[in-house]
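Open the model in your viewer and keep the selection panel at hand. The stops below go from a single residue outward to the whole chain.

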Amino acid sequence: MSTMTIRGFLDWRGNPINREVHGGVRAVWFIYFLTVVANIVNVPNMLNMVTYLHGTMHMGVSRSATTVTNVLGTTSGFALIGAFLSDSYITRSRTILIFGPLEFLGYGLLALQAHLPSLHPPPCNIEAEPSNCKEVHGWNSTLLFASLYISAVGDGCMRACMPSLGADQFNHENPAESRQQSSFFNWYTFGISFGGFIGLILVVWLQNDKGWDIGFGLCAILILLGLLVVAVGLPFYHNQIPEGSPLTRILQVLVVAFRNRSLELPEKLEEAQESSAEPCSIEVLPETKSLQILDKACINRGKDGAWSLCSRTKVEETKIVLRVLPLFISSIIGYVSNPVLFTFTVQQGGMTNTRLGKIHVSPATLFIIPTIFQMVMLPIYDQFLVPFLRKRTGYVSGITHLQRVGSIILASVIAAVVERKRKEAAVQMSLFWLTPQFLLLGVSDVTSFPGLLEFFNSEAPRGMKSIAAALFWCVLGLSSLLATFLVQIVNRATRHGNQEGWLDATSLNSSRLDLFYWVVAVVGLLAFLNYLFWAKRYVYRHNLRIVVADKPPVDQDPRLKYLARIVLQFSKSRISVVWFTMTWIRACCVLSYSDA
């Protein structure tokens, strides 16, 4: 069998890549499987955990919400640690297999605590009798938080490595594989939605109706199953060669540039670049004209050593990171609305009429609505809208990565209006009044989620791909910590004497969540304007335009007829949503990567 040298990649045994065996669509199916099962676990627990903390562990309204957002934020910190290790010292696949079992352990401990009555407070109705409910404390509280943060370690490390490991299976220098790589991020997002869809039906039902111990136990088993499947795929992966610590390289550039700040840049730095070139460097980055003060790190003062003279590649790597930072910070602020709406909307749902006929609907299950919307729209977006836009714009993704990122200000406004109506209603409001704000969250994520993820991955140098993915999860995680901070600031600002803050009360009926939603809407608007300012000025390091071979127009594409036939069959039949979903996925699998 023939081998093909791909710079920076080897197989799992350290041998050259064999194109007939390694990488490509076949390799990413193992990653897709882990993505689906991980999100069967993570999505419902992210939404329903606040119900567990409030209803079973008897935490207050704000503490249960901020505990969830703190765990989400901490997960992003662990994602950075996992990304640093995978980029610097061990491969991405090994990082997943080393740290993933910690998530299995965390959910196992949660299942144990939920099962044994001695490890959690006695049952009571916290809404009807808040004074009689005893909040979790002491050793039981320690066990709860240890379980949550142990699972956060494993979850964070896997999150950082999965998208980067998947993108590694395609050579971005090959036009066909470049399109497949762009498509991978859309299908990766689809896997998250599909996993969330199953989890919001199965896991939430088990937790609310059969017991939290059974729900958490199933989560532990699913994580273990996903890790076993990823381990089976080891012989098929492209594995990047660790290049050493990228943070050290960035620090070296900053230190040397600072030492040389008083020196003038020579007209040409070729001699300095050649004398400091590193033969082991995997990716050679072209010279750019921005942030020229960092170019002074390439000035040769007659001293050798990494802390005295830096290569052009190190300097350009540092420039890339610094150019991305304003957009990274802007995205964090812009995503503050998401964790706020996720956590408080579920608590809102607990105060509404949750019956649909004879069926009891869990508030967290409402997230199925935007999830189904994402599952339907992402294949349409990837298979039809992207090729349509690609022909007209020349961009491999149809539009640029940053153009795909939107705002959910309207969701916060609607949430404020609905909460006001709920509190003023003479009879208990139906749960389905919360549908619009959930739906708007899903609409935003269809393009924003894969767009931002692909942006960080494509802009990062090869030796920082996992850190780039971790930065994406940091956007979500740090926005959760900012949401916690925002809740605390608003509570402190609205306390007057003996009067509690807007979100200090034990019960949501005594809180002013509607006014808090208006604050979130204003913060979201200012954040979006700030994001537009930086996105408009950003210059991509790669040319996003490609030459694409002619393809049949969208209205003549036979794939459209295939999907139309499924939709028509659905409209004429009394069949379940689950059947339609599974048929839709089968169609998407048939269509997937057909552009290559």
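Begin by selecting Leu482, which has its place in helix α14. The model is a predicted one. Is Leu482 buried, partly exposed or exposed? Its relative accessibility is 31%, between the limits of 20% and 50%, so Leu482 counts as partly exposed.

Now show what surrounds this residue. Setting aside neighbours within four places in sequence, Leu482 is in contact with Ile332, Ile333 and Val336. Add Pro339 to the selection: its C-alpha atom is separated from that of Leu482 by 9.4 Å, while the two residues are 143 residues apart along the chain.

Next, display the whole of α14 (residues 465-494) together with helix α4 (residues 138-168). Their axes come within 8 Å and cross at roughly 125°. That angle falls outside the ranges for parallel, perpendicular and antiparallel, and α4 and α14 are therefore oblique to each other. The crossing is right-handed. To see the contact itself, select Arg159, Ala160, Cys161, Pro163 and Ser164 in α4, then Lys465, Ser466, Ala469, Ala470 and Trp473 in α14, which they meet. Sorted by class, this contact has six nonpolar, two polar and two charged residues.

Move on to the interior. The largest nonpolar core has 120 residues, and those with the most contacts inside it are Tyr52, Ile96, Leu144, Phe216, Phe344, Phe456 and Phe516. Helix α1 (residues 24-55) gives the most to this core, with 16 residues. Another core, of eight residues, lies apart from it; Val256, Ala297, Cys310 and Val315 are among them.

Return to the 120-residue core and pick Leu144. Which residues does Leu144 touch, not counting those up to four places away in sequence? They are Tyr52, Leu53, Met57, Met59, Leu110, Gln113 and Val136.

For the next stop, select His58, in the loop between α1 and α2 (61-88). Its phi is near 60°, a positive value in a residue other than glycine. His58 has 4% relative accessibility, under the 20% limit, and so counts as buried.

Finally, zoom out and colour by secondary structure. The protein comes to 17 helices and four strands. Of its 596 residues, 55% are buried. How much of the contact at a separation of 6 or more comes from residues 24 or more positions apart? Such pairs account for 82% of those contacts.

Conventions:
Residues numbered from 1 in each chain as written. Predicted model: local features only at pLDDT ≥ 70, side-chain atom pairs only at ≥ 80, totals over all residues. Heavy atoms only, no water. Axes fitted to C-alpha atoms, helices over the stretch in contact; angles between N-to-C directions. Helix = DSSP H or I, 4+ residues; strand = E, 2+ residues; numbered from the N terminus. Parallel < 35°, antiparallel > 145°, perpendicular 65-115°, else oblique. Left-handed = near helix turned anticlockwise from the far one by under 90°. Contact = heavy atoms within 4.5 Å. Nonpolar A, V, L, I, M, F, W, Y, C, P; charged D, E, K, R; others polar. Core = buried A, V, L, I, M, F, W, Y, C linked by side-chain atoms within 4.5 Å. Buried < 20%, exposed > 50% of the residue type's maximum accessible area, 1.4 Å probe, protein only.
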